[in-house]
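Me: I should like a close look at a single part of this model, set within the whole chain. Please explain each technical term once, as one would for a first-year student.

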Amino acid sequence: MHWRVTNETRQRLLADRAERAESFVQRFQGLMGRASLPMGGGMHIEPCNSIHTFFMRIPIDVAFLDAEGRIVKQLSAMPPWRTSSIYFKARSVLELPAGVLGASGTQEGDRLVFTPGEAPAA
């Protein structure tokens, strides 16, 4: 299933084909090994309060979210082979293509909402 992610505070769509990683294996793999993350795509990792970009080929925007979906920290264009700090207030992380957070005007404190999206075309 894919998810639509909307910045409720700014009324901006951030992703319409975000994936959700909830199992240990899904969270561990995340976006590793992918050659790209197309606009509209994303990865919501839950539970999670820190990430790494080891074995990734692309920079990503990262939003650390609390239990209510508010951004407690965001990182723009985090390059491959880096680790984030641990954000103890964060309960999940949304990874997006680099540039999405800035282009949408998204800021720390904004609330993100996840709604089920349509299945991708086969």
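The part to be examined is strand E1, and what follows is an account of its pairing and its surroundings.

Reply: This is a predicted model, in which local features need pLDDT of at least 70 and side-chain atom pairs count only at pLDDT 80 or more, while totals for chains, interfaces and linings use all residues. Residues are numbered from 1 along each chain as its sequence is written, and side-chain values use heavy atoms, with hydrogens and water left out.

We begin with the whole chain. Two helices and seven strands are present; here helices (H or I, at least four residues) and strands (E, at least two) are DSSP runs, numbered from the N terminus. Read from the N terminus, their order is β-β-α-β-β-β-β-α-β. The radius of gyration of the chain is 13 Å, close to the 14 Å of the globule rule for 122 residues, so the chain is as compact as a globular protein of that length. For this comparison the radius is taken over C-alpha atoms, and the rule is 2.2 Å times the number of residues to the power 0.38. Along the principal axes, the C-alpha atoms fill a box of roughly 40 × 35 × 25 Å.

Of the 122 residues, 42% count as buried. Buried means under 20% relative accessible area, exposed means over 50%, and partly exposed lies in between (1.4 Å probe, protein chains only). Contacts, meaning heavy atoms within 4.5 Å, often link distant parts of the sequence: among those between residues at least 6 apart, 64% join residues at least 24 apart.

We now turn to strand E1 itself. Which residues of E1 point to the buried face? Trp3, Val5 and Asn7 point to one face and are buried, whereas Arg4 and Thr6 point to the other and are not buried. This pattern can be set beside a general rule: in a regular strand the side chains alternate between the two faces of the sheet.

E1 has partners in two strands. Two strands are said to pair if DSSP finds at least two bridges between them. One partner is strand E2 (residues 12-21), which pairs with E1 (residues 3-7) in the antiparallel sense over four bridges. Within this pairing, Trp3 has Ala18 as its bridge partner in E2. The other is strand E7 (residues 112-116), which is joined to E1 by five bridges and also runs antiparallel to it. There, Val5 has Phe114 as its bridge partner. Trp3 and Val5, both buried and pointing to one face, can thus be followed into E2 and E7 respectively.

The hairpin of E1 and E2 has four residues between the strands, and Gln11 takes a positive phi near 55° in this hairpin. Most residues other than glycine have a negative phi, and most peptide bonds are trans. Elsewhere in the chain, Phe55, in the loop between E3 and E4, also has a positive phi, near 65°. Phe55 counts as exposed, at 54% relative accessibility. The loop between E3 and E4 holds Pro47 as well, and the peptide bond from Glu46 to Pro47 is cis, with omega near -5°.

From E2 the pairing continues to strand E3. Five bridges join E2 to E3 (residues 41-45), and these two strands run parallel. Arg20 stands opposite His44 in E3.

Helix H1 (residues 24-29) includes Arg27. Leaving aside neighbours within four places in sequence, Arg27 is in contact with Ala21, Glu22, Ile45, Glu46 and Pro47. Arg27 and Glu46 are 19 residues apart in sequence, and their C-alpha atoms are 7.5 Å apart in space. With a relative accessible area of 28%, Arg27 is partly exposed.

A last residue to consider is Arg70, in the loop between strand E4 (60-65) and strand E5 (71-78). Neighbours within four places aside, the contacts of Arg70 are with Thr9, Phe64, Leu65, Gly109, Asp110 and Arg111. At 38% relative accessibility, Arg70 counts as partly exposed.

To return to the part requested: strand E1 has antiparallel pairing with E2 over four bridges and antiparallel pairing with E7 over five, and along E1 the side chains alternate between a buried face and one that is not.
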